[in-house]
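Open the model in your viewer and keep the selection box at hand. Each stop below names what to pick and what to look for.

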Amino acid sequence: MSLRHMENMPLHHASPPGAPRPCWKPWAFSALVIVLLVCSFSTVAFTLFPFKAVSEPCVAKFGPLPSRWQMASPKPPCVSQIADWELKILRDGLYSIYGEVTPNKTYKEPAPFEVRLRKNKGIIQVLTNNAIIQNVGGTYELHAGDIIDLIFNAEHQVLKNNTYWGVILLANPQFIS
């Protein structure tokens with residue numbers, strides 16, 4: 001049995017000349033379905049777990065040296081200073097942690113360059129590139145009692161007069177009971 005007669009057969013049926021082509025591509029339909037699903041889930045999530053924007057700003061910033069912690073907090077405050085590069089969170093919420101780390105290009109000690117952003121002694125971000133100025137931080141859900149800090153592998157790895165970090169309370173979660 002030979003399949004030679006199938007070699008010249010087209011794999012699809014050609015449309016007659018002048019026939020309208022389908023306007024929807026399969027990927028366009030899939031993309032539309034995905035967008036609708038994401039919108040639906042987002043609506044449900046924001047309805048069930050709304051976040052209330054804070055009415056008064058709660059901000060804490062440390063650095064560059066020789067400055068100390070600068071805080072603009074409502075009453076009651078949302079954070080408290082523990083040490084120069086360490087804060088304790090006093091209110092649950094969605095926080096933005098931000099900062100800039102400037103490596104010391106003259107640092108030649110044996111300890112490798114490493115800057116760690118930590119939450120309750122657990123590492124949430126590590127910077128290891130000592131060739132460029134780097135940003136540190138992100139948006140995190142933090143709870144009362146959490147301790148966040150920025151630590152360096154060795155004391156002189158960064159130029160502390162050009163390095164800073166801080167936190168901003170963005171929103172308080174309002175859970176429906």
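The tour runs from the core outward to salt bridges, a loop and aromatic rings.

**Ground rules**

This is a predicted model, in which local features need pLDDT of at least 70 and side-chain atom pairs count only at pLDDT 80 or more, while totals for chains, interfaces and linings use all residues. Residues are numbered from 1 along each chain as its sequence is written, and side-chain values use heavy atoms, with hydrogens and water left out.

**Stop 1: Val-167**

Select Val-167 in strand β11, residues 164–173. Strands here are DSSP runs of E, at least two residues long, numbered from the N terminus. Is Val-167 buried or exposed? Val-167 is buried, at a relative accessible area of 1%. Buried means under 20% relative accessible area, exposed means over 50%, and partly exposed lies in between, using a 1.4 Å probe and protein chains only.

Now show the contacts of Val-167, meaning heavy atoms within 4.5 Å. Leave out residues up to four places away in sequence; the touching residues include Cys-58, Val-79, Leu-87, Tyr-95, Tyr-98 and Ile-148. Then measure the C-alpha distance to Met-71: the model gives 9.6 Å, across 96 residues of sequence.

**Stop 2: the core**

Widen the selection to the largest nonpolar core, which has 25 residues. Such a core is a set of buried Ala, Val, Leu, Ile, Met, Phe, Trp, Tyr and Cys residues joined through side-chain atoms within 4.5 Å. Val-167 is among the residues with the most contacts inside this core, as are Val-79, Tyr-95, Val-115, Ile-148, Leu-150 and Trp-165. Colour by element next: β2 (59–62), β5, β6 (93–101), β7 (115–119), β9 (134–142), β10 and β11 each give two or more residues to this core. In soluble globular proteins, nonpolar side chains tend to be buried together.

**Stop 3: the β4–β5 hairpin**

Select 79–83 and 86–89. These are strands β4 and β5, antiparallel and joined by four bridges. Two strands pair if DSSP finds at least two bridges between them. The two strands form a hairpin with two residues between them. Pick Gln-81 and look across to β5: Leu-87 stands opposite.

**Stop 4: salt bridges**

How many salt bridges does a search of the whole structure find? The search finds three. The test is a side-chain nitrogen of Lys or Arg within 4 Å of a carboxyl oxygen of Asp or Glu.

- Select Asp-149 and Arg-118. Their closest N and O atoms are 2.7 Å apart. The pair links distant parts of the chain, with Asp-149 in β10 and Arg-118 in β7, 31 residues apart. Asp-149 is buried at 5%, and Arg-118 is buried at 15%.
- Select Lys-119 and Asp-146. Their closest N and O atoms are 4.0 Å apart. Lys-119 is in β7 and Asp-146 is in the loop between β9 and β10, 27 residues apart. Lys-119 is partly exposed at 27%, whereas Asp-146 is buried at 8%.
- Select Glu-114 and Arg-116. Their N-to-O distance is 2.4 Å. Glu-114 is partly exposed at 25%, whereas Arg-116 is buried at 14%.

Return to Asp-149 and show its neighbours. Beyond four places in sequence, they include Trp-85, Glu-86, Leu-117 and Trp-165.

**Stop 5: the β7–β8 loop**

Move to Asn-120, in the loop between β7 and β8 (122–127). Check its backbone: phi of Asn-120 is positive, about 50 degrees, although the residue is not a glycine. Asn-120 is partly exposed at 39%. Step to Lys-121, also in the loop between β7 and β8. Phi of Lys-121 is positive too, near 70 degrees. Lys-121 is exposed at 63%.

**Stop 6: aromatic rings**

The whole structure holds three aromatic pairs. Select Trp-85 and Phe-152, an edge-to-face pair at 5.2 Å centre to centre with 85 degrees between the planes. Rings of Phe, Tyr and Trp (its six-membered ring) pair if their centres lie within 6.5 Å; planes under 30 degrees apart count as stacked, over 60 as edge-to-face and the rest as tilted. Trp-85 is in the loop between β4 and β5 and Phe-152 is in β10, 67 residues apart. Trp-85 is buried at 12%, and Phe-152 is buried at 15%. Add Phe-62 to complete the aromatic cluster with these two rings.
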